[in-house]
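Dear colleague,

I am handing over the structure below, together with notes on what was found in it. Please read the notes with the coordinates open beside you.

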Amino acid sequence: MPHLPVIPALSALSALVLMFLLALPVAAQQITLTTVVSGFELPLQVTHAGDDSGRIFVTERAGLVRIMLAGQVRAEPFLDIAERVSTSGEQGLLSVAFPPGYAALGHFYAYYADLDGNIVISRFAVSTDPDRADPASEEILLTIPHPGFDNHYGGQLAFGPDGYLYAGTGDGGGAGDPNGNAQNPDSLLGKLLRLDVESGPDPATGQAYRIPPDNPFADSESPRPEIWAMGLRNPWRFSFARATGDLWIADVGQNSFEEVDMQPAGDVGGRNYGWNILEGDACFGTDECTPPARYAPPVAVYGRDLGQSVTGGYMHRGMYVFADFVSGRIFALRNLTGEWNLSVLAETDLNISALGEDQAGRLYLCDYAGGTLQRLRFPAAPTAAFSLLVLPD
């Protein structure tokens with residue numbers, strides 16, 4: 001599916017210029033990084049509330065969410081639940097998500113590891129001060145038991161174009177998914193979940209959320225009806241393309257390969273991304289294997305020569321921009337000829353824990369170790385025809 005909007009008014013000359021520009025190697029583009037603000041403690045997410053406030057929200061691992069506005073970080077955190085959050089291994093407050101219409105609704109959602117190491121998805125209300133959430137308002141929607149490992153928590157929450165809340169869970173940890181969670185249809189680990197959290201409790205089950213009626217397993221007990229996709233190891237992170245609604249998932253590999261998956265908009269769900277039968281597009285731990293039912297191969301795979309821990313990103317200026325936490329590389333995926341081509345946009349010395357957008361579509365990243373929020377800037381579009389197709393830099 002194309003990732004660029006159709007512009008029917010382009011002249012023949014403009015179309016030729018556009019084709020030439022899109023054919024330029026991505027690696028030739030020298031993106032620049034600008035530090036917007038520093039002083040964060042182990043930041044894991046950057047996002048916005050879609051409320052026209054101009055605020056940017058940065059999630060810190062210890063259990064805090066901070067607000068940045070006009071280049072300044074508010075002294076008081078937006079949310080502080082540090083006393084409820086475990087930070088062992090890969091645990092922490094891993095993300096927050098603001099529903100469509102947040103300005104009127106006044107509530108949002110969080111994903112964290114509790115003091116017992118379990119995954120918690122909960123809802124919080126904003127206080128009378130719009131820059132302060134009320135920690136006492138927490139309503140726990142879903143708790144997912146996590147086995148005795150402190151890694152592979154996944155942790156992304158995001159609302160899709162359909163208005164449902166998506167949650168990416170890790171496989172429960174341990175090398176090679178020893179408990180077999182990712183391929184277990186009765187486990188919510190190693191999955192992408194899709195929940196209706198805005199329609200109130202389910203009167204039939206008493207659950208604090210409902211199952212969207214078009215979930216692929218909505219009417220079954222096995223697989224679990226919350227499951228939208230399965231076969232994931234540690235999805236870090238996923239996002240929906242603004243222009244198309246395509247779903248992009250970055251799944252951290254085990255020993256050899258990092259992978260990027262893409263589900264086209266309109267897909268009915270139920271895809272299986274292969275872990276732990278496959279790592280990337282290769283059989284895991286064996287020379288031969290049979291892919292699972294409804295297997296969806298990755299659109300891109302890279303090895304240890306390029307990185308060791310993929311960090312998912314966003315569609316931006318006609319390319320999927322993402323990074324690697326260990327190598328510090330920033331990558332781009334573009335599809336010009338029917339195949340996805342991987343290029344390196346930049347080499348950095350950063351631990352890139354997250355990429356994120358502000359409401360206008362500008363792209364940022366979190367440097368985990370350095371505690372900075374940085375903005376990615378791309379070359380200015382040289383023609384009006386090209387600028388029609390891109391978001392702000």
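This is a predicted model, in which local features need pLDDT of at least 70 and side-chain atom pairs count only at pLDDT 80 or more, while totals for chains, interfaces and linings use all residues. Residues are numbered from 1 along each chain as its sequence is written, and side-chain values use heavy atoms, with hydrogens and water left out.

I begin with the hairpin. Ala-158 of strand β11 stands opposite Tyr-166 in β12, where strands are DSSP runs of E with at least two residues, numbered from the N terminus, and two strands pair if DSSP finds at least two bridges between them. β11 (residues 156-159) and β12 (residues 165-168) run antiparallel and are joined by 4 bridges; of the 5 residues between these strands, Gly-163 takes a positive phi near 85 degrees. Gln-156 and Ala-158 point one way from β11, Leu-157 and Phe-159 point the other way, and all are buried (under 20% relative accessible area, with exposed over 50% and partly exposed in between, for a 1.4 Å probe and protein chains only).

Ala-158 and Phe-159 also belong to the lining of the largest pocket, where they are among the residues nearest its centre, together with His-48, Phe-98 and Glu-357. A pocket here is an open set of points on a 1 Å grid over the protein atoms alone, where a 1.4 Å probe fits, with protein on both sides within 12 Å along at least five of seven lines, and lining residues have an atom within 4 Å of a point. The lining comprises 30 residues, and β2 (43-47), β7, β11, β15 (235-240) and β26 (352-357) each supply at least two of its residues.

Elsewhere, an open antiparallel sheet has four strands in the order β7-β8-β9-β10. β7 (93-97) and β10 each have a single partner strand and stand at the edges, so one side of each is left without a neighbour in the sheet. Between them, 7 bridges join β8 (residues 107-113) to β9 (residues 119-126), and His-107 has Ala-125 as its bridge partner in β9.

Ser-137 lies in β10 (residues 133-144) and is partly exposed, with a relative accessible area of 24%. Not counting residues up to four places away in sequence, Ser-137 touches Arg-123, Phe-124 and Ala-125 (heavy atoms within 4.5 Å). A polar atom of the Ser-137 side chain lies 2.8 Å from the backbone nitrogen of Ala-125.

With best regards

Definitions and conventions
A polar contact is a pair of N or O atoms within 3.5 Å; within protein, one must be able to donate a hydrogen and the other to accept it, and residues adjacent in sequence count only if both atoms are side-chain atoms.
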